[in-house]
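Trainee: Could we go through this chain step by step, with each term explained as it comes up?

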Amino acid sequence: MKTISVITPCYNEELNVRDCYEAIRQIFDNELKDYQREHIFCDNASDDRTVEILREIAAHDPAVKVIVNARNFGPMRNTFNGVMASRGDAVLLFMPADLQDPPELLPQFVSLWEAGNEIVYGIRAVREEGRLMRNVRNAYYHLLTRFSEIKIPPGVGDFQLVDRGVVERMRRVRDGYPFMRMMTFECGGRAVGVPYTWRARKKGISKNRAAALIDQGLNGLVSFTSAPLRIGLYAGFALSFASIAYAVINLLLGLVLYQRLAEPGILTLIVAMFFFGGVQLFFMGMLGEYILAIYGQVREKPVVFERERVNFDGTPRS
(Lines give C-alpha, C1' and ligand atoms only; values in the text may rest on other atoms or scores of the structure.)
Protein backbone atom coordinates (compact mmCIF):
# COMPACT_ATOMS: atom_id res chain seq x y z
CA MET A 1 0.00 0.00 0.00
CA LYS A 2 1.14 3.50 -0.78
CA THR A 3 1.48 5.95 2.10
CA ILE A 4 0.12 9.51 2.12
CA SER A 5 1.72 11.86 4.62
CA VAL A 6 -0.22 14.83 6.01
CA ILE A 7 1.64 17.65 7.75
CA THR A 8 -0.18 19.77 10.34
CA PRO A 9 1.76 22.58 12.03
CA CYS A 10 0.25 23.83 15.26
CA TYR A 11 0.79 26.42 17.95
CA ASN A 12 -1.72 26.72 20.80
CA GLU A 13 -4.39 24.82 18.85
CA GLU A 14 -5.95 22.82 21.69
CA LEU A 15 -9.41 23.61 20.34
CA ASN A 16 -8.66 22.29 16.85
CA VAL A 17 -6.09 19.46 16.80
CA ARG A 18 -8.56 16.72 17.70
CA ASP A 19 -11.03 17.89 15.03
CA CYS A 20 -8.24 17.97 12.46
CA TYR A 21 -7.12 14.46 13.41
CA GLU A 22 -10.66 13.09 13.18
CA ALA A 23 -11.29 14.75 9.81
CA ILE A 24 -8.17 13.19 8.26
CA ARG A 25 -8.77 9.78 9.88
CA GLN A 26 -12.33 9.59 8.56
CA ILE A 27 -11.20 10.46 5.02
CA PHE A 28 -8.68 7.61 5.08
CA ASP A 29 -11.20 5.21 6.66
CA ASN A 30 -13.73 5.91 3.91
CA GLU A 31 -12.45 7.41 0.66
CA LEU A 32 -8.73 6.56 0.94
CA LYS A 33 -8.91 3.10 2.53
CA ASP A 34 -6.41 1.71 0.02
CA TYR A 35 -3.69 4.03 1.34
CA GLN A 36 -1.74 4.08 4.56
CA ARG A 37 -1.94 7.25 6.61
CA GLU A 38 0.90 9.18 8.19
CA HIS A 39 -0.29 12.29 10.01
CA ILE A 40 2.55 14.41 11.41
CA PHE A 41 1.70 17.15 13.88
CA CYS A 42 4.51 19.70 14.28
CA ASP A 43 4.09 21.62 17.52
CA ASN A 44 5.84 24.98 17.71
CA ALA A 45 6.36 24.99 21.52
CA SER A 46 2.71 25.50 22.46
CA ASP A 47 2.00 26.69 25.98
CA ASP A 48 -1.56 25.33 26.19
CA ARG A 49 -2.79 21.69 26.15
CA THR A 50 -1.97 21.08 22.48
CA VAL A 51 1.00 18.76 23.12
CA GLU A 52 -0.88 16.86 25.84
CA ILE A 53 -3.80 16.21 23.48
CA LEU A 54 -1.46 15.15 20.68
CA ARG A 55 0.30 12.68 22.99
CA GLU A 56 -3.08 11.16 23.88
CA ILE A 57 -3.99 10.79 20.21
CA ALA A 58 -0.60 9.32 19.28
CA ALA A 59 -0.78 6.82 22.16
CA HIS A 60 -3.90 5.27 20.58
CA ASP A 61 -3.03 5.73 16.90
CA PRO A 62 0.45 4.80 15.63
CA ALA A 63 -0.29 6.55 12.33
CA VAL A 64 -0.08 9.85 14.20
CA LYS A 65 3.38 11.25 14.79
CA VAL A 66 4.30 14.31 16.81
CA ILE A 67 7.30 16.64 16.66
CA VAL A 68 7.69 19.11 19.53
CA ASN A 69 10.06 22.01 18.92
CA ALA A 70 12.39 23.36 21.58
CA ARG A 71 10.98 26.85 20.94
CA ASN A 72 8.78 28.68 18.45
CA PHE A 73 10.63 28.80 15.11
CA GLY A 74 7.79 30.33 13.10
CA PRO A 75 5.25 28.56 10.88
CA MET A 76 7.42 28.20 7.76
CA ARG A 77 10.40 26.51 9.41
CA ASN A 78 8.10 24.38 11.55
CA THR A 79 6.10 23.10 8.56
CA PHE A 80 9.18 22.48 6.42
CA ASN A 81 10.77 20.40 9.20
CA GLY A 82 7.66 18.23 9.32
CA VAL A 83 7.75 17.72 5.55
CA MET A 84 11.39 16.65 5.75
CA ALA A 85 10.48 14.13 8.48
CA SER A 86 7.71 12.54 6.39
CA ARG A 87 8.07 9.12 4.74
CA GLY A 88 5.01 8.98 2.48
CA ASP A 89 4.94 8.32 -1.26
CA ALA A 90 3.09 11.65 -1.50
CA VAL A 91 3.01 14.45 1.06
CA LEU A 92 0.31 17.01 1.78
CA LEU A 93 2.62 19.86 2.72
CA PHE A 94 0.17 21.77 4.84
CA MET A 95 -3.08 20.76 6.51
CA PRO A 96 -4.01 23.55 8.93
CA ALA A 97 -5.27 22.52 12.34
CA ASP A 98 -8.16 24.98 12.01
CA LEU A 99 -9.28 23.29 8.73
CA GLN A 100 -9.42 26.56 6.77
CA ASP A 101 -8.04 24.57 3.83
CA PRO A 102 -10.67 21.84 3.26
CA PRO A 103 -9.43 18.30 4.02
CA GLU A 104 -12.21 16.84 1.85
CA LEU A 105 -10.16 17.83 -1.21
CA LEU A 106 -7.49 15.28 -0.29
CA PRO A 107 -9.09 12.37 -2.22
CA GLN A 108 -9.23 14.54 -5.36
CA PHE A 109 -5.60 15.55 -4.82
CA VAL A 110 -4.59 11.89 -4.50
CA SER A 111 -6.51 10.97 -7.66
CA LEU A 112 -4.73 13.70 -9.63
CA TRP A 113 -1.39 12.57 -8.19
CA GLU A 114 -2.08 8.99 -9.25
CA ALA A 115 -2.82 10.33 -12.74
CA GLY A 116 0.81 11.39 -13.03
CA ASN A 117 0.91 14.88 -11.56
CA GLU A 118 3.86 15.45 -9.23
CA ILE A 119 2.44 18.65 -7.74
CA VAL A 120 -1.28 19.04 -7.02
CA TYR A 121 -1.84 22.52 -5.62
CA GLY A 122 -4.88 24.26 -4.21
CA ILE A 123 -5.84 27.71 -5.48
CA ARG A 124 -7.67 29.94 -3.03
CA ALA A 125 -10.26 31.17 -5.52
CA VAL A 126 -12.60 32.48 -2.82
CA ARG A 127 -11.50 33.75 0.60
CA GLU A 128 -13.87 33.99 3.54
CA GLU A 129 -12.18 37.02 5.08
CA GLY A 130 -12.48 40.80 5.19
CA ARG A 131 -12.18 42.81 2.01
CA LEU A 132 -9.06 44.67 3.18
CA MET A 133 -7.04 41.53 3.93
CA ARG A 134 -8.31 39.88 0.74
CA ASN A 135 -7.15 42.83 -1.36
CA VAL A 136 -3.79 43.00 0.40
CA ARG A 137 -3.17 39.28 -0.16
CA ASN A 138 -4.22 39.50 -3.82
CA ALA A 139 -1.87 42.43 -4.40
CA TYR A 140 0.99 40.58 -2.72
CA TYR A 141 0.49 37.39 -4.76
CA HIS A 142 0.26 39.42 -7.95
CA LEU A 143 3.57 41.10 -7.11
CA LEU A 144 5.13 37.77 -6.18
CA THR A 145 4.15 36.04 -9.41
CA ARG A 146 4.76 39.11 -11.61
CA PHE A 147 8.45 39.46 -10.73
CA SER A 148 9.33 35.79 -10.17
CA GLU A 149 10.92 33.53 -12.77
CA ILE A 150 8.70 30.76 -11.41
CA LYS A 151 5.21 31.09 -12.83
CA ILE A 152 2.33 29.97 -10.65
CA PRO A 153 -1.27 31.18 -10.47
CA PRO A 154 -2.05 33.80 -7.79
CA GLY A 155 -3.63 32.37 -4.66
CA VAL A 156 -1.46 29.26 -4.39
CA GLY A 157 -0.45 28.47 -0.80
CA ASP A 158 1.22 25.57 0.96
CA PHE A 159 -1.90 23.41 0.57
CA GLN A 160 -0.23 21.11 -1.97
CA LEU A 161 0.12 17.35 -2.41
CA VAL A 162 3.55 16.61 -3.85
CA ASP A 163 5.28 13.44 -4.95
CA ARG A 164 8.12 11.93 -2.94
CA GLY A 165 10.52 12.84 -5.74
CA VAL A 166 9.66 16.54 -5.30
CA VAL A 167 10.18 16.28 -1.53
CA GLU A 168 13.62 14.78 -2.06
CA ARG A 169 14.51 17.61 -4.44
CA MET A 170 13.31 20.09 -1.82
CA ARG A 171 15.61 18.41 0.70
CA ARG A 172 18.59 19.46 -1.42
CA VAL A 173 17.66 23.16 -1.14
CA ARG A 174 19.76 24.59 1.69
CA ASP A 175 17.51 27.42 2.81
CA GLY A 176 17.42 28.62 6.40
CA TYR A 177 13.99 30.21 5.87
CA PRO A 178 12.14 27.93 3.43
CA PHE A 179 9.23 29.33 1.39
CA MET A 180 7.61 26.06 0.35
CA ARG A 181 4.76 27.31 -1.82
CA MET A 182 7.32 28.51 -4.39
CA MET A 183 10.01 25.93 -3.65
CA THR A 184 7.93 23.06 -5.01
CA PHE A 185 7.54 24.80 -8.37
CA GLU A 186 11.24 25.69 -8.35
CA CYS A 187 12.04 21.97 -8.02
CA GLY A 188 9.85 21.30 -11.03
CA GLY A 189 7.42 18.59 -12.07
CA ARG A 190 4.09 18.14 -13.77
CA ALA A 191 1.57 20.29 -11.87
CA VAL A 192 -2.19 20.82 -11.78
CA GLY A 193 -4.32 23.21 -9.73
CA VAL A 194 -7.62 22.78 -7.91
CA PRO A 195 -9.61 25.93 -7.03
CA TYR A 196 -11.42 25.96 -3.68
CA THR A 197 -12.89 28.22 -1.00
CA TRP A 198 -10.56 29.17 1.84
CA ARG A 199 -12.85 29.01 4.85
CA ALA A 200 -13.07 31.25 7.88
CA ARG A 201 -11.70 29.86 11.14
CA LYS A 202 -14.40 28.36 13.35
CA LYS A 203 -12.54 27.91 16.66
CA GLY A 204 -9.93 30.04 18.35
CA ILE A 205 -7.98 32.91 16.84
CA SER A 206 -5.19 32.92 14.27
CA LYS A 207 -1.68 32.87 15.76
CA ASN A 208 -0.23 34.32 12.55
CA ARG A 209 -0.11 37.97 13.58
CA ALA A 210 0.51 40.99 11.33
CA ALA A 211 4.25 41.16 12.07
CA ALA A 212 4.67 37.46 11.19
CA LEU A 213 2.70 37.89 7.96
CA ILE A 214 4.90 40.82 6.92
CA ASP A 215 8.03 38.82 7.73
CA GLN A 216 6.81 35.85 5.68
CA GLY A 217 5.81 38.11 2.81
CA LEU A 218 9.22 39.79 2.70
CA ASN A 219 10.88 36.37 2.80
CA GLY A 220 8.93 35.28 -0.28
CA LEU A 221 9.76 38.47 -2.18
CA VAL A 222 13.48 38.34 -1.31
CA SER A 223 13.84 34.59 -1.92
CA PHE A 224 11.94 34.17 -5.17
CA THR A 225 11.66 37.55 -6.88
CA SER A 226 13.70 40.53 -7.94
CA ALA A 227 10.80 42.82 -7.03
CA PRO A 228 12.50 44.91 -4.31
CA LEU A 229 15.59 45.56 -6.43
CA ARG A 230 13.54 46.26 -9.56
CA ILE A 231 11.31 48.67 -7.64
CA GLY A 232 14.45 50.39 -6.37
CA LEU A 233 15.82 50.67 -9.91
CA TYR A 234 12.57 52.08 -11.30
CA ALA A 235 12.19 54.47 -8.38
CA GLY A 236 15.78 55.64 -8.86
CA PHE A 237 15.13 56.47 -12.50
CA ALA A 238 11.87 58.24 -11.62
CA LEU A 239 13.48 60.29 -8.85
CA SER A 240 16.41 61.23 -11.08
CA PHE A 241 14.04 62.41 -13.80
CA ALA A 242 11.93 64.34 -11.27
CA SER A 243 15.06 65.97 -9.80
CA ILE A 244 16.29 67.10 -13.22
CA ALA A 245 12.85 68.48 -14.09
CA TYR A 246 12.65 70.27 -10.74
CA ALA A 247 16.11 71.80 -11.24
CA VAL A 248 15.18 73.03 -14.72
CA ILE A 249 11.91 74.59 -13.43
CA ASN A 250 13.77 76.34 -10.61
CA LEU A 251 16.36 77.65 -13.06
CA LEU A 252 13.67 79.12 -15.30
CA LEU A 253 11.79 80.62 -12.37
CA GLY A 254 15.01 82.08 -11.04
CA LEU A 255 15.78 83.74 -14.37
CA VAL A 256 12.27 85.14 -14.80
CA LEU A 257 11.37 86.01 -11.20
CA TYR A 258 14.82 86.54 -9.71
CA GLN A 259 14.02 90.00 -8.35
CA ARG A 260 10.88 88.75 -6.55
CA LEU A 261 12.46 85.73 -4.80
CA ALA A 262 13.68 86.09 -1.23
CA GLU A 263 16.72 83.97 -0.42
CA PRO A 264 16.30 81.70 -3.43
CA GLY A 265 17.21 78.02 -3.08
CA ILE A 266 16.92 77.67 0.71
CA LEU A 267 13.56 75.89 0.70
CA THR A 268 14.71 73.70 -2.18
CA LEU A 269 17.81 72.59 -0.25
CA ILE A 270 15.84 71.74 2.88
CA VAL A 271 13.17 69.75 1.01
CA ALA A 272 15.77 67.95 -1.11
CA MET A 273 17.91 67.04 1.91
CA PHE A 274 15.09 65.44 3.87
CA PHE A 275 13.47 63.82 0.83
CA PHE A 276 16.58 62.15 -0.54
CA GLY A 277 17.74 61.26 2.98
CA GLY A 278 14.50 59.33 3.44
CA VAL A 279 14.88 57.70 0.03
CA GLN A 280 18.40 56.54 0.92
CA LEU A 281 17.28 55.11 4.25
CA PHE A 282 14.46 53.23 2.51
CA PHE A 283 16.74 51.58 -0.02
CA MET A 284 19.39 50.86 2.61
CA GLY A 285 16.70 48.96 4.52
CA MET A 286 15.75 47.08 1.35
CA LEU A 287 19.36 46.05 0.78
CA GLY A 288 19.51 45.09 4.46
CA GLU A 289 16.77 42.50 3.84
CA TYR A 290 18.98 40.81 1.23
CA ILE A 291 22.03 40.99 3.50
CA LEU A 292 19.98 39.48 6.34
CA ALA A 293 18.87 36.65 4.02
CA ILE A 294 22.50 36.00 3.01
CA TYR A 295 23.57 36.07 6.67
CA GLY A 296 20.93 33.51 7.63
CA GLN A 297 22.00 31.29 4.75
CA VAL A 298 25.75 31.24 5.41
CA ARG A 299 25.27 30.40 9.10
CA GLU A 300 23.84 27.00 8.08
CA LYS A 301 21.77 26.50 11.21
CA PRO A 302 19.21 23.67 11.38
CA VAL A 303 15.73 24.73 10.36
CA VAL A 304 14.47 23.95 13.89
CA PHE A 305 15.74 22.36 17.09
CA GLU A 306 13.46 19.59 18.33
CA ARG A 307 12.66 18.76 21.92
CA GLU A 308 10.80 15.49 21.35
CA ARG A 309 9.44 13.09 18.74
CA VAL A 310 6.51 10.73 19.31
CA ASN A 311 5.86 7.53 17.26
CA PHE A 312 8.99 8.03 15.15
CA ASP A 313 11.59 5.30 14.77
CA GLY A 314 15.02 6.23 16.09
CA THR A 315 16.09 9.12 18.28
CA PRO A 316 15.00 12.74 17.95
CA ARG A 317 17.10 14.97 15.73
CA SER A 318 18.44 18.37 16.82
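Trainee: What percentage of the residues in the chain is buried?

Mentor: This is a predicted model, in which local features need pLDDT of at least 70 and side-chain atom pairs count only at pLDDT 80 or more, while totals for chains, interfaces and linings use all residues. Residues are numbered from 1 along each chain as its sequence is written, and side-chain values use heavy atoms, with hydrogens and water left out. A residue is called buried under 20% relative accessible area and exposed over 50%, with partly exposed in between (1.4 Å probe, protein chains only). Of the 318 residues in the chain, the buried share is 45%.

Trainee: Why are the buried residues of helix H2 on the same side?

Mentor: Helices (H or I, at least four residues) and strands (E, at least two) are DSSP runs, numbered from the N terminus. In H2, residues 50–60, the buried ones are Thr50, Val51, Ile53, Leu54, Ile57 and Ala58. They are on the same side of H2 because, judged by the directions from the helix axis to the C-beta atoms, they cover an arc of only 160 degrees.

Trainee: Which strands stand at the edges of the sheet?

Mentor: Two strands pair if DSSP finds at least two bridges between them. The open sheet has eight strands in the order S7-S5-S6-S4-S1-S2-S3-S8, with mixed pairing. Each edge strand has a single partner, so one side of each is left without a neighbour in the sheet, and these strands are S7 (191–198) and S8.

Trainee: Which residue stands opposite valine 310 in S8?

Mentor: S3 and S8 pair in the antiparallel sense over four bridges. The residue opposite valine 310 is valine 66.
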